[in-house]
Structures are given as C-alpha cells and as structure tokens.
Amino acid sequence: MKDRYDVIVVGGGPGGARAAKHAAEKGASVLLLEKDREIGIPVRCAEGVSESGLRRVVEVKDRWIAQVIKGARLVSPDGTVVESYPDEVGFILHRKLFDYDLAVAASQAGTEVVTKAYVQGLTMDDGVVTGVRMTHMGRARRISGSVVIGADGVESRVGRWAGLETRTPFGEVETCVQMTLAGIDVDPEVVELHFGRQIAPGGYLWIFPKGRRTANVGLGISGVYSREKKPLIYLKEFVERRFPGASVLTMIAGGVPAVPTLKKIVTDGLMLVGDAARQVDPLTGGGIVNAMLAGRIAGRVAAEAVQEGDVSTRRLSAYTKEWSKVDGKNNKISYKIKKVVGRLSDEDLNRAARVLLDVPPEKRTALRVFKAVFLRHPKLIVEVSKLFV
Ligand code: FAD
C-alpha cells in the first residue's frame with residue numbers, strides 16, 4: 001500500500017468494486033479497502049436480480065448463476081396464490097463468487113485491493129476530505145486520497161464522518177433475517193413472495209430457490225413492527241410450518257434502508273455509493289444493480305475530477321445529477337408505492353389477489369399487477385393519488 005492515491009474506495013461490495021474499476025479504467029490510481037478477511041463473505045443477501053438489470057451493469061458469467069427464475073408466486077394473507085410468468089427472467093446469484101469476481105475485475109483494471117483493512121475515520125483539511133485513517137493487520141495508517149468513495153454498505157459511517165446527513169428513521173429500515181435451507185420441496189424456477197401481517201408486517205417473506213431442493217428463505221419487516229416481535233420469530237414460525245425438518249445451512253440478519261436516495265451524496269473530496277447512499281429500491285429491497293450503476297458513475301466522475309484538479313462538491317455533483325437521471329426517479333416512485341403498499345390491510349391484499357386472478361398468468365407483468373391492484377380498487381386509487389399529487 002502506498003501513502004497516497006487519487007481515489008480511495010471504502011468497502012468491497014458491488015458498489016465499491018464497480019466504483020474502483022471505473023475510476024481505474026479512467027486512469028486514476030485507486031485503492032479499495034475491505035474490512036473483512038475475504039471479499040464476498042459473509043453474504044447478507046437473498047441474491048435475487050432481474051436478468052435485464054444485471055446485464056445493464058456487467059457481462060454475466062455462468063458461474064454466478066445459482067438458479068434461473070422464470071416465474072413468481074404471490075401468496076396473499078388468506079393463502080390466495082397468484083402466479084405470474086412475465087417475459088422477464090430472473091437470476092439467483094452465488095454472491096460469494098459474484099462479489100469476488102467484481103473485485104478481481106477492479107484489480108485487473110489497476111485497483112489495489114486490500115482486505116482486512118478497517119477504515120476508522122477520515123482525514124480532513126478545512127472541511128475537505130483528504131484521506132482515511134485505517135488499520136491493516138493491526139497496523140494503524142493514514143492514507144491520502146484526492147477523493148474518498150464511501151461504499152461501506154447499510155451501516156455506513158463514512159458519510160457521517162464527513163458531516164453528511166445519513167440517518168435513516170428506524171421505521172424505514174427493513175429488518176431482515178434469512179436462512180438458506182436444504183432438503184426442501186420447492187419449485188426451482190419459481191420465487192415465492194408471501195404477504196400479510198402474520199407473516200411479515202410492513203414487508204414480505206421470500207423463497208428464492210438456489211439450485212435443487214435448496215432456497216434462501218427470508219423476510220423483511222418494517223422497523224416499526226420488529227420491536228413488537230422479532231423477525232427471526234416470524235421466520236422460524238413460517239419455516240416450521242412450511243419446511244419442517246429442513247437443514248439450515250446459513251442464517252443471516254441485516255438491514256435494508258427502504259428510503260429514497262439521500263439528498264446529499266457528495267461533499268468536498270467525498271462521494272457515497274450503494275447502500276451507503278441509500279440507493280436501494282425501497283419497494284423490493286433490491287440494491288445490487290443500483291449500487292453497481294451508481295458505482296460506475298461515481299468512479300468515472302471521481303477520476304475525471306482528480307484529473308481536472310477539482311474535487312469540490314460542485315464538481316462531484318455531476319455524479320448526483322447523473323444518478324438522478326439514470327435511476328433516481330425510479331427510486332423515488334418505488335418509495336411512494338412502498339408507502340401505499342405499507343398501508344394496505346390484509347383484507348386489501350386479499351382483494352387485490354382476487355382481482356389479479358382475473359388477469360391471465362402470462363399478462364401478470366409488473367405493470368399489469370400495478371394496474372390491477374391500484375386502478376381497479378377505488379380505495380387504493382385515492383391512496384396512490386394522495387402520494388403522487
Ligand atoms: P455492501 O454489499 O453491503 O458492501 C459494503 C462493504 O463495505 C462490505 O463488504 C463491508 O464489509 C465493507 N465495509 C463496511 N464498513 C467498512 C469499513 N469501515 N472499512 C472497510 N470496509 C467496510 N439486493 C438485491 O439486489 N437482491 C436481493 O435479493 C437482496 N436481498 C437482500 C436480503 C437481505 C437480507 C439484505 C440485508 C439485503 C438484500 N439486498 C438485496 C440488498 C443488497 O444486499 C445491497 O443493496 C447490496 O449489497 C449493496 O451493495 P453495496 O456495495 O452498497 O454494499
């Protein structure tokens with residue numbers, strides 16, 4: 001490790017790895033710091049992505065695909081099952097391999113990737129971020145960087161250290177738990193999503209098949225409800241009912257910031273990317289593709305800014321603007337929809353499921369589902385219009 005780089009990226013997840021790759025490809029000297037011992041581990045993710053989304057950000061490798069998904073089964077609180085087989089294919093990834101390969105790609109572009117490198121703070125000069133304080137293999141170091149990119153995930157502290165407002169209200173963080181189960185009966189090509197106050201209040205439960213007789217089974221519930229009953233209890237109750245005798249291969253917990261992107265994601269000498277910037281889709285909780293999209297833009301803008309010798313908030317805001325154009329709008333709309341969905345009662349959801357049963361399965365695309373649920377249901381139209389006006 002040298003004492004100085006053009007760009008220092010904190011966090012070796014998909015957002016950080018892409019930011020590092022694109023900055024290095026633009027000619028910047030780049031250091032990527034990951035606190036864990038190995039890139040890609042632990043996996044705190046259900047590993048689902050849409051094929052089109054993934055192809056938008058990377059050339060897909062076969063070894064990443066644990067399972068190709070061709071349909072979805074939505075289960076309402078009263079057990080009404082709505083099957084949907086849109087044209088869109090999905091993938092369940094092996095994120096361990098995926099994250100690892102993204103870091104390899106960053107390294108091949110010229111990034112120096114260092115694991116077991118724990119960033120503890122920033123160095124600043126007159127309000128401008130000038131580098132990081134970190135420990136590596138027990139040794140404390142200060143490394144200078146013209147731009148620091150905070151891609152340190154949902155528990156990000158980098159932005160806060162630089163004075164950005166990164167707090168997410170407790171009720172807006174989805175508290176998630178997940179088990180990878182083996183020896184279970186699931187349709188390998190179909191994901192299941194279960195809704196209802198008794199199953200996952202303010203969120204949903206997912207079954208994402210991961211190869212034969214194996215699946216990621218997890219749920220996210222709104223922070224408001226997780227105080228009353230722990231998400232793990234909801235999950236255990238479901239698993240005991242649906243998959244008695246299953247082997248539990250892994251168990252993880254994590255948060256998803258189900259909010260729109262932070263208002264300010266850059267400051268002098270600093271940018272935030274991915275979960276750290278709250279770029280997750282607030283409705284689905286999916287954040288892999290968004291983190292990579294944002295990382296690509298941030299890496300490029302950072303390298304250009306360094307080359308021009310201007311790392312001011314104004315210059316780095318080119319990233320904020322481009323992100324708003326690329327995905328910021330979807331992110332805001334998803335948040336609004338999430339707020340409406342969060343207010344639906346179990347009875348509303350049951351009714352919506354029955355409406356959807358009238359639409360032929362091959363036509364139950366996301367748009368149709370939206371229309372069927374929101375436009376044929378007078379109470380929901382009022383709710384939706386309140387949010388959009
Ligand atoms: P991360 O992948 O979280 O990477 C951040 C990295 O920064 C980590 O490796 C961390 O170790 C490192 N780090 C943190 N602090 C420091 C520090 N101080 N010093 C050095 N390194 C540091 N998204 C989907 O698209 N599909 C899904 O199916 C899906 N399921 C999910 C299920 C669960 C239970 C959870 C919790 C999330 C899920 N997500 C899903 C969201 C997805 O995992 C994230 O949006 C995505 O990982 C964000 O990428 P990132 O690079 O921003 O952050």
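**Figure 1. Surroundings of Pro282 in the predicted model.** Leaving out residues up to four places away in sequence, Pro282 touches Ala258, Val259, Pro260, Asn331, Ser334, Tyr335 and Lys338. The model shown here and in the views that follow is a predicted one. Pro282 belongs to the loop that runs between strand 18 (270-272) and helix 7, and with a relative accessible area of 3% this proline is buried. Although Pro282 and Ile337 are 55 residues apart along the chain, their C-alpha atoms are separated by 8.8 Å.

**Figure 2. Thr261 and its contacts.** Thr261 is located in the loop between strand 16 and strand 17 (266-267). Its relative accessible area is 17%, and Thr261 is therefore buried, the cut-off being under 20%. When neighbours within four places in sequence are set aside, the residues in contact with Thr261 are Ala277, Arg278, Gln279, Trp323 and Asn331. Of these, Asn331 is also listed among the residues that Pro282 touches.

**Figure 3. Helix 1 and the elements that pack against it.** Helix 1 comprises the twelve residues 14-25, for which a rise of 1.5 Å a residue gives an expected span of 16 Å, in agreement with the 16 Å that separates its end C-alpha atoms. Because eleven of these twelve residues are buried, helix 1 is largely enclosed by the rest of the structure. The buried residues are Pro14, Gly15, Gly16, Ala17, Arg18, Ala19, Ala20, Lys21, His22, Ala23 and Ala24. They pack against three helices, namely helix 2 (51-57), helix 3 (95-108) and helix 7 (288-308), as well as against strand 1 (4-10), strand 2 (30-33) and strand 11 (139-150). After the helix comes Gly27, a residue with a positive phi, near 100°.

**Figure 4. Ala19 within helix 1.** Ala19 has its place in helix 1 and, at 0% relative accessibility, counts as buried. Apart from residues up to four places away in sequence, Ala19 touches Ile149, Gly295 and Gly299. The residue ranges of strand 11 (139-150) and helix 7 (288-308), both of which pack against the buried residues of helix 1, include these three partners. The C-alpha atoms of Ala19 and Met292 lie 7.6 Å apart in space, while the two residues are 273 residues apart in sequence.

**Figure 5. The ligand and its shell of residues.** The ligand is surrounded by 34 residues, the closest of which are Gly15, Glu34, Ala46, Gly48 and Asp275. By residue type, this shell divides into 14 nonpolar, twelve polar and eight charged residues. At least two residues of the shell come from each of helix 1, strand 9 (117-125), strand 16 (247-257) and helix 7. Gly15, one of the closest residues to the ligand, is also one of the buried residues of helix 1.

**Figure 6. Polar atoms around the ligand.** An N or O atom in the side chain of Glu34 is 2.6 Å from an oxygen atom of the ligand, and a polar side-chain atom of Asp36 is found 3.3 Å from an oxygen atom of the ligand. A polar backbone atom of Val119, by contrast, lies 3.0 Å from a nitrogen atom of the ligand. On its own the ligand has 1000 Å² of accessible area, of which the protein covers 88%.

**Figure 7. Helix 3 and its cover.** For the 14 residues of helix 3, a rise of 1.5 Å a residue leads to an expected span of 20 Å, and the 19 Å between its end C-alpha atoms agrees with this. The buried residues of this helix are Arg95, Phe98, Asp99, Asp101, Leu102, Ala103, Ala105 and Ala106. Their cover includes helix 1, helix 2 and helix 7, together with strand 7 (90-93) and strand 8 (112-114). Helix 3 is followed by Gly110, which has a positive phi, near 120°.

**Figure 8. Asp310 in the loop after helix 7.** Asp310 is placed in the loop between helix 7 and helix 8 (313-343), where its relative accessibility of 31% makes this aspartate count as partly exposed. The side chains of Asp310 and Ser312 are joined by a polar contact of 2.7 Å. With neighbours within four places in sequence left aside, Asp310 is in contact with Ala305 and Arg315. From C-alpha to C-alpha, Asp310 and Ala28 are 14 Å apart in space, against 282 residues in sequence.

Definitions and conventions: Residues numbered from 1 in each chain as written. Predicted model: local features only at pLDDT ≥ 70, side-chain atom pairs only at ≥ 80, totals over all residues. Heavy atoms only, no water. Helix = DSSP H or I, 4+ residues; strand = E, 2+ residues; numbered from the N terminus. Expected span 1.5 Å × (residues − 1). Buried < 20%, exposed > 50% of the residue type's maximum accessible area, 1.4 Å probe, protein only. Contact = heavy atoms within 4.5 Å. Near = heavy atom within 4 Å. Polar contact = N/O pair within 3.5 Å; in protein donor to acceptor, adjacent residues only side chain to side chain. Areas by Shrake-Rupley, 256 points an atom, 1.4 Å probe, with all protein chains shown as cover. Nonpolar A, V, L, I, M, F, W, Y, C, P; charged D, E, K, R; others polar.
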